[in-house]
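Reader: Please give me a close look at one part of this model, the surroundings of its ligands. Keep it simple, and begin with any term I need.

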Amino acid sequence: MDAFEASANVPRGDFEFDCRPETEQSFENALEKARSGARLDVDDAIELLTTGTDAAGIDPRRKDRVLEAADRRRAEVIGEEVTFVANLNNNVTTACDVGCLFCNFKDAAARFEADHDGDTDGFTKTPAESRTIVEDALDRGIYEVCSVSGLHPALALDDEHHEILAGRDGEHSYKPPAVYDTDPGTYVDQIEAMNVDGVHVHSTTPEEAYHARRGTDWSYEDVFGRLRAAGLDSVPGTAAEILVDEVREVICPGKIDTEEWVEAMTAAASVGLDTTATIMYGHVENEAHRARHLDRIRDLQDRTGAITEFVPLSFVHHETPLHERGLVEAGATAHEDELMIAVSRLYLDNVEHIQSSWVKYGDAQGLKMLTCGADDFMGTILSEEITKRAGGDYGEFRSVREYADMIASIGRIPVERSTDYEKRRRIDPDAGTLGPTLGPRADGTPLL
Ligand SMILES: C[S@@+](CC[C@H](N)C(=O)[O-])C[C@H]1O[C@@H](n2cnc3c(N)ncnc32)[C@H](O)[C@@H]1O
Ligand SMILES: Nc1c(NC[C@H](O)[C@H](O)[C@H](O)CO)[nH]c(=O)[nH]c1=O
Ligand SMILES: N[C@@H](Cc1ccc(O)cc1)C(=O)O
Ligand code: SF4
């Protein structure tokens with residue numbers, strides 16, 4: 001057995017993928033290229049992510065050299081500030097029949113029908129409920145509301161979309177709101193409801209945008225244009241998972257394909273919306289898929305310039321169909337997580353910010369990521385359902401005080417930011433009380 005075999009959980013030989021981690025490049029040449037600042041190619045990224053395809057497992061000394069190169073790049077392009085946003089997660093509904101095998105956030109939509117017997121621990125919020133939740137969080141000082149949801153069959157873009165879909169029950173995964181216990185309203189209603197007092201509304205993933213135009217001849221520009229008019233400010237680049245179709249066919253066969261995801265993101269940018277971008281890794285894919293994913297994101301950013309941050313999301317396996325059906329034993333190892341962050345920093349020379357997600361990594365490992373190439377530490381979020389329902393247990397809230405103490409503990413400078421990173425406030429960790437100051441109603445009162 002190779003000495004480093006336990007250092008990575010990448011499945012080898014279990015799936016018949018065409019895309020394999022094999023290259024014409026060497027680890028040393030790839031690392032030299034990365035250090036020189038030259039633009040990397042897919043083979044370089046594979047060498048760095050595997051710490052060399054010439055041996056199995058991850059070589060810890062080679063890994064440290066990759067992390068060091070990424071940390072140096074972070075220091076050059078960003079400096080010593082570590083940012084976070086005072087935000088709220090307000091997800092509208094867990095009803096979803098897309099059936100992604102990595103997801104335990106969803107509940108079968110049938111369980112929300114008025115004549116269904118039995119309880120669900122899932123939820124659907126009306127626009128009025130969303131508004132109340134955002135109002136309360138605004139009083140606590142948040143700057144942003146982040147809202148991502150299941151693809152509820154009764155969700156349509158607006159009233160016109162309901163008219164188009166009406167009478168076509170069963171088609172286009174549509175059922176009228178009257179079928180359900182709770183009416184989620186339309187996408188436009190929800191955005192309008194959450195758009196209180198100039199709070200930044202970060203919502204509508206490419207998968208949701210697809211749902212918001214199903215059964216019509218509307219373009220993604222039409223959809224994002226209407227949502228922007230309703231108050232949408234920026235778009236979460238989730239639903240990306242792994243942007244290689246042979247992987248999507250295994251983990252999310254019901255989802256839009258890679259081309260469609262790119263089309264939706266391009267359209268969001270073209271109507272003037274900022275976006276984020278993500279990768280969800282550590283399940284069935286290998287390092288060649290991770291590398292190709294980074295290449296799609298860099299190309300998208302070359303064309304749009306709209307991506308404010310890249311967020312590596314480490315797969316949380318415990319309560320998911322992928323794990324329960326025996327397709328995946330465990331998620332990525334800490335070594336793989338660190339290399340994912342580092343190679344994202346080195347590969348994405350056109351994306352300024354790399355986010356370390358404490359929801360996925362926890363506090364200790366999340367802080368370590370800030371020395372592996374990441375410079376952003378996510379947000380306060382106040383509530384979290386996606387990771388929690390998959391069996392993750394890193395909690396659902398961080399206060400400004402906790403952020404200040406954690407970031408200062410690694411010798412960096414805590415900075416509260418706006419979603420687009422344009423507004424920034426340096427925080428003095430020695431101050432007596434600390435609270436958010438950038439939100440429309442924020443006055444520095446601690447976020448409890
Ligand atoms: C739950 S979906 C909600 C929005 C919408 N339904 C969609 O798919 O775009 C948001 C994202 O959460 C991430 N996610 C879901 N389950 C996860 C898990 N078990 N571990 C890590 N990330 C997960 C995926 O990247 C997914 O695209
Ligand atoms: N990384 C995760 C996020 N990130 C979202 C951020 O909090 C924020 O909305 C973004 O930086 C835009 O400003 N949210 C989650 O719920 N879970 C994560 O793992
Ligand atoms: N990171 C996404 C939002 C998000 C990430 C992970 C989640 O599990 C849920 C939502 C964004 O900021 O655009
Ligand atoms: S990831 Fe999104 S689309 Fe897929 S099942 Fe979960 S909620 Fe539905």
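Author: One term comes first. A residue is near a molecule if one of its heavy atoms lies within 4 Å of that molecule. Keep in mind that this is a predicted model.

Start with ligand 1. It has 20 residues around it. Phe102, Ser149, Thr205, Ala239 and Glu241 come nearest. By class, this shell divides into 11 nonpolar, five polar and four charged residues.

Now look at single atoms. A backbone N or O atom of Val316 lies 3.0 Å from a nitrogen atom of ligand 1. Two side chains reach oxygen atoms of the ligand. In Thr205, a polar side-chain atom is 2.7 Å from an oxygen of ligand 1. In Glu241, a side-chain N or O atom lies 2.6 Å from a ligand oxygen. How much of ligand 1 does the protein bury? Taken alone, ligand 1 exposes 550 Å², and the protein buries 96% of that.

Go next to ligand 4. Phe102 appears here again, in the list of residues around ligand 4. Its companions in that list are Cys96, Val98, Gly99, Cys100, Cys103, Phe105, Lys106 and Lys255. The shell has six nonpolar, one polar and two charged residues. Take Cys96 from this list. Buried or exposed? Cys96 is buried, because its relative accessible area is 12% and the cut-off for buried is under 20%.

What about disulfides? A disulfide needs two cysteine sulfur atoms within 2.5 Å. The count by this rule is zero. Cys19 shows why. The closest cysteine sulfur to its own is in Cys252, 15 Å away, which is too far for a bond. Cys19 is also buried, with a relative accessible area of 7%.

Now ligand 2. Its shell holds 18 residues, and the closest are Glu144, Glu309, Gln355, Ser357 and Arg417. By class, there are seven nonpolar, seven polar and four charged residues.

Which elements supply the shell? Strands E2 (87–89), E3 (144–147), E7 (307–314) and E9 (376–379), with helix H14 (358–369), each give at least two residues. E7 gives the largest share, three residues. Glu309 lies in that strand. Glu309 counts as buried, because its relative accessibility is 7%. Compare its position with Glu76. The two are 233 residues apart in sequence, yet 17 Å apart in space, C-alpha to C-alpha.

The polar contacts of ligand 2 come next. A polar side-chain atom of Asn87 is 2.9 Å from a ligand oxygen. For Asn89, the distance from a side-chain N or O atom to an oxygen of ligand 2 is 3.0 Å. For Arg417, it is 2.8 Å. Ligand 2 taken alone exposes 440 Å², of which the protein buries 91%.

Last, step back to the chain. The UniProt record, an unreviewed entry, places the feature "domain: Radical SAM core" at residues 82–352. Over that stretch the chain is 38% helix and 12% strand. The C-alpha atoms at its ends are 13 Å apart.

Terms used: Residues are numbered from 1 along each chain as its sequence is written. Chains are lettered from A and ligands numbered from 1 in the order in which they are written. This is a predicted model: local features need pLDDT of at least 70, side-chain atom pairs count only at pLDDT 80 or more; totals for chains, interfaces and linings use all residues. Side-chain values use heavy atoms; hydrogens and water are left out. Buried means under 20% relative accessible area, exposed over 50%, partly exposed in between (1.4 Å probe, protein chains only). UniProt positions are given in the numbering used here, feature names are shortened, and annotations may be inferred rather than shown by experiment. Helices (H or I, at least four residues) and strands (E, at least two) are DSSP runs, numbered from the N terminus. A polar contact is a pair of N or O atoms within 3.5 Å; within protein, one must be able to donate a hydrogen and the other to accept it, and residues adjacent in sequence count only if both atoms are side-chain atoms. Accessible areas come from the Shrake-Rupley method with a 1.4 Å probe; for residues, only the protein chains shown count as cover. Ala, Val, Leu, Ile, Met, Phe, Trp, Tyr, Cys and Pro count as nonpolar, Asp, Glu, Lys and Arg as charged, and the others, Gly among them, as polar.
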